[in-house]
Amino acid sequence: MNFIWENLFRKVDHEHNVLEALRQTYIFQTLSRRELRFLQGMVHVRRFKSGEPVFRQGEIGVGMYIVLQGALEIHADHHIDDDVPTRKHLVTRLKSGDFLGELSLVENNSRRSATATALDDSVLIGFFKPDLLEILERQPHMGVKILLRLSEVLGRRLKETTVKITELKEEIRRMNEKT
Amino acid sequence: MSLTPSKASLKRANRWKLIGLLCVLAFIFAFIVLVENLLMSCILAFVVSYSLGPLVNYLERHGVSRALASALVFFAVGATLSLVGAWLFPYLGNSLYRLQGDMPRYISGVSQFISEVEGWLRSIAGPISDFDLTAKVESKLTSWTQRFFEHLPGTVKTFFTVMLLGPFLAFFMVKDGRKVMRSTAAIVPNYLFETALSLQHQINFQIGQFVRARILESLIVGLVTAAGLMLISFPYPILLGAIAAVTNLIPYLGPLLGAVPAFLIALVNGYSSLEIAMMAIVYIVAQLIDAGLLIPVLVAKIVDLHPVTVILVIIAGAQLMGIVGMIISIPVASTLKVTLTTVYRHLIDTRS
């Protein structure tokens, strides 16, 4: 009997966790409670073993992931020339509450720009392009809220990249001046 | 390449998950094919759900819950079809009853027509050995007609089973289809998940568009044919329009099949050349509208198949499943094409 009750409550806990994780994710923060419940019915909860790749660099991606439990490591392979061996760069580590891959929601035939691997046994929430399209078809006002926030995130990422490129250019200029 | 134990066990686990998924899919497929009337009911359910899905989505967009929207749409469409059926069935039944009564006359009329053709051929080409074409055609036609009316009760039973089960399945496909797809997607291994989801979306989108376009196309062809026949005061215009609409679903052969009953009626009743020409013009105009306007605007862009491929898959469909095979051959082929392209792209991605 306890076993049944434990499982029952674990399921409720799990659903509550998913709902809470969605509510705290920046892209979905403007959604109402009813819309979040609708979204909960659209997303996919995926479990990854430690060391298992979530996606690989160069693969076609169709959506984003939110880390519900565990941690991920993002690394990119840097290939300059055929004579030089490919270098692997650690881009970042993501923990519970972080999200990744959101560009694939809007880009057509988007290729993953880095590889994401589970560091521990991890649980991720997947939200993909077909889910977003279905939301736009069935609940357009909710889809617009998500798209606005998504555009904001992508805009912010673009700004960060521009700042980084400017800094690097400045650094290269300074190095050239020194030599 | 040596694998670390964790990677090897991961690969093994993924392989078992894939085998499990394929077993589930194979079981569902076998169940649908082997249970009597289930395949036809499922095809009808897909057609109904793809046709009514946009209406349910429309209501949902205006704040109605999915369950209530599904119930409202199915009830409204069911009630409308029942009313149309209540008006049309006695008429169709009466037409069929009259057709059954007129059949011997039609058969002898066709025989007379053939014997006239035979006589004309003999006059220009001499005696065609001892071959009695008229008697052979007459006996064949009589046996076909007898068999048709003998099998009619069984066909009607299958028809009503499919007509009840199809919409019933369609209701749950519209209401809970998303949940079922999500549960099925849950057993897909992680490394195939995004590919499978993208594939399912592409197939769903393509078949949905195709089904809606074909239904609209057939409806317009049926309406134009019925209206045209009514205009020239041809008998059974609604029945012939309905036949033209249904046979129009069969690629290439359908339009010709749809016109055969009207030509037989005209020939047997000894209509004048002008009346036959007017009737032929009605069918030709309906087909011109179909080929010149409906197919380019509604259908052509959806199915990205070469014309030769289309003919080959229609022949294969006819060989495997007869008329139904011909109707479903194009969407099945385009689904296979999308699947193979996606799997190929996935394999290339994984290898590189």
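**Exercise 1. Chain B as a whole**

Among contacts in chain B between residues at least 6 apart in sequence, what share joins residues at least 24 apart? Then describe the elements and extent of chain B.

*Solution.*
- Step 1: The share is 66%, where a contact means that two C-beta atoms, placed from the backbone, lie within 7 Å.
- Step 2: Keep in mind that this is a predicted model, in which local features need pLDDT of at least 70 and side-chain atom pairs count only at pLDDT 80 or more, while totals for chains, interfaces and linings use all residues. Residues are numbered from 1 along each chain as its sequence is written, and chains are lettered from A and ligands numbered from 1 in the order in which they are written.
- Step 3: Now list the elements: chain B has 9 helices and 0 strands. Both kinds are DSSP runs numbered from the N terminus, with helices being H or I of at least four residues and strands E of at least two.
- Step 4: For the extent, the C-alpha atoms of chain B fill a box of roughly 90 × 55 × 40 Å along the principal axes.
- Step 5: The radius of gyration of chain B is 26 Å, whereas a compact globule of 352 residues would have one near 20 Å. This radius is taken over C-alpha atoms, and the globule rule is 2.2 Å times the number of residues to the power 0.38.
- Step 6: Of the 352 residues in chain B, 21% are buried. Buried means 20 or more other C-beta atoms within 10 Å of the residue's own, exposed means 12 or fewer, and partly exposed lies in between, with C-beta atoms placed from the backbone.

**Exercise 2. One threonine**

Why does B:Thr142 count as partly exposed?

*Solution.*
- Step 1: Find the residue: B:Thr142 sits in helix α4 of chain B, which spans residues 133-186.
- Step 2: Count its neighbours: B:Thr142 is partly exposed because 15 other C-beta atoms lie within 10 Å.
- Step 3: Look along the chain too: B:Ile107 is 35 residues away from B:Thr142 in sequence, yet their C-alpha atoms are separated by 7.3 Å.

**Exercise 3. The sheets of chain A**

Which strands stand at the edges of the open sheet β1-β8-β3-β6 of chain A? Repeat this for the sheet β2-β7-β4-β5.

*Solution.*
- Step 1: Start with the inventory: chain A has 4 helices and 8 strands, in the order α-α-β-β-β-β-β-β-β-β-α-α from the N terminus on.
- Step 2: The sheet β1-β8-β3-β6 has 4 strands with antiparallel pairing; two strands pair if DSSP finds at least two bridges between them.
- Step 3: Its edges are β1 and β6 of chain A; each has a single partner strand, so one side of each is left without a neighbour in the sheet.
- Step 4: Zoom in on β3(A), residues 63-69, where 6 of its 7 residues are buried. β3(A) joins β8(A) (residues 122-128) through 6 bridges in the antiparallel sense, and A:Gln69 stands opposite A:Val123.
- Step 5: β3(A) also pairs antiparallel with β6(A) (residues 99-100) over 2 bridges, with A:Tyr65 opposite A:Leu100.
- Step 6: Turn to the sheet β2-β7-β4-β5, an open one of 4 strands, also antiparallel. Here β2 (53-55) and β5 (87-95) stand at the edges, each with a single partner strand, so one side of each has no neighbour in the sheet.
- Step 7: Neighbouring strands of this sheet are turned by 30 degrees against each other on average, direction ignored.
- Step 8: Within this sheet, 2 bridges join β2(A) to β7(A) (residues 115-118), running antiparallel, and A:Phe55 has A:Ala116 as its bridge partner.

**Exercise 4. Two helices that cross**

How are α3(A) and α4(A) oriented to each other, and which residues make the contact?

*Solution.*
- Step 1: The axes of α3(A) (residues 129-138) and α4(A) (residues 140-178) come within 5 Å and cross at roughly 135 degrees. Axes are lines fitted to C-alpha atoms, for helices over the stretch in contact, and angles run from 0 to 180 degrees between N-to-C directions.
- Step 2: The two helices are therefore oblique to each other: angles under 35 degrees count as roughly parallel, over 145 as roughly antiparallel, 65 to 115 as roughly perpendicular, and the rest as oblique.
- Step 3: The contact is made by A:Leu132, A:Ile135 and A:Leu136 of α3(A) with A:Pro140, A:Met142, A:Gly143 and A:Ile146 of α4(A).
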